[in-house]
Amino acid sequence: MCVRDTPFNRVQLENMLRAQAAGAVIMPAVPAFYHHPKTIDDLVTQYVCRVLAQIGLSQDQMYRWVGYAQPRKSGGVRRLALQNG
C-alpha cells in the first residue's frame, strides 16, 4: 500500500495498522537520496522500482543499498556502496 507522505493523522495510522494486520505492506512515498539523484525523474524511478521489487518484479534501473564500503587504511570516511540492478 503506497501512502502519501507525512504527516499522518491518527485515523490514517489506525487504518494502516489494520491494513498491515490484514497482510498489507505499507510503503510511504519517501524519496531515496543515497543514489544521488540528479532529477525528479530519478527520484520517481527509484521509488517505482522499489515498489515493483516489493511485489517480486526485478528492476534493472534500481539502486540497492549494499552497506558501506570498507574504511580506508588511512582512517578516511567510509563511503556508501551502491549496486545498480
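Modeller: Before we start, accessible areas here come from the Shrake-Rupley method with a 1.4 Å probe. With that understood, the protein chain of this predicted model exposes about 6,400 Å², and carbon and sulfur atoms supply 57% of it.

Biologist: What pattern does the protein chain follow when it is read along the sequence?

Modeller: Read in that direction, the protein chain runs β-α-β-α-β-β, which is a matter of 2 helices and 4 strands. Of its 85 residues, 16% count as buried, and a residue has to stay under 20% relative accessible area to be given that word. Among contacts between residues at least 6 apart in sequence, 27% join residues at least 24 apart.

Biologist: How do you know that Glu14 forms a salt bridge with Arg10?

Modeller: The closest N and O atoms of Glu14 and Arg10 are 2.8 Å apart, and the cut-off for a side-chain nitrogen of Lys or Arg and a carboxyl oxygen of Asp or Glu is 4 Å, so the pair qualifies. A search of the whole structure finds 1 salt bridge.

Biologist: Where do Glu14 and Arg10 lie?

Modeller: Both belong to helix 1, which covers residues 10-21, and they are 4 residues apart, or about one turn of the helix.

Biologist: Why is Arg10 called exposed, and why is Glu14 called partly exposed?

Modeller: Exposed asks for over 50% relative accessible area, and Arg10 has 65%, so the word applies to Arg10. Glu14 has 29%, a value that falls between the 20% limit for buried and the 50% limit for exposed, and therefore Glu14 is partly exposed.

Biologist: What makes Val48 part of a nonpolar patch on the surface with Ile40 and Val44?

Modeller: A patch takes residues with over 30% relative accessible area, and nonpolar side chains, Val and Ile among them, are joined within 5 Å. Val48 has a relative accessible area of 40%, so it passes that first requirement, while still being partly exposed. Together Ile40, Val44 and Val48 offer about 270 Å² of accessible area, and Val48 has its place in helix 2, residues 40-54.

Biologist: How do you know that His36 counts as exposed?

Modeller: Its relative accessibility is 53%, and the limit is over 50%, so His36 meets the definition. His36 is placed in the loop between strand 2 (27-28) and helix 2.

Biologist: What can be said about the phi of His36?

Modeller: Phi of His36 is near 55 degrees, which is a positive value in a residue other than glycine.

Note on methods:
Residues are numbered from 1 along each chain as its sequence is written. This is a predicted model: local features need pLDDT of at least 70, side-chain atom pairs count only at pLDDT 80 or more; totals for chains, interfaces and linings use all residues. Side-chain values use heavy atoms; hydrogens and water are left out. Buried means under 20% relative accessible area, exposed over 50%, partly exposed in between (1.4 Å probe, protein chains only). Patches are made of residues with over 30% relative accessible area and no salt bridge: like charges are joined within 9 Å, nonpolar side chains (Val, Leu, Ile, Met, Phe, Trp, Tyr) within 5 Å. Contact means heavy atoms within 4.5 Å.
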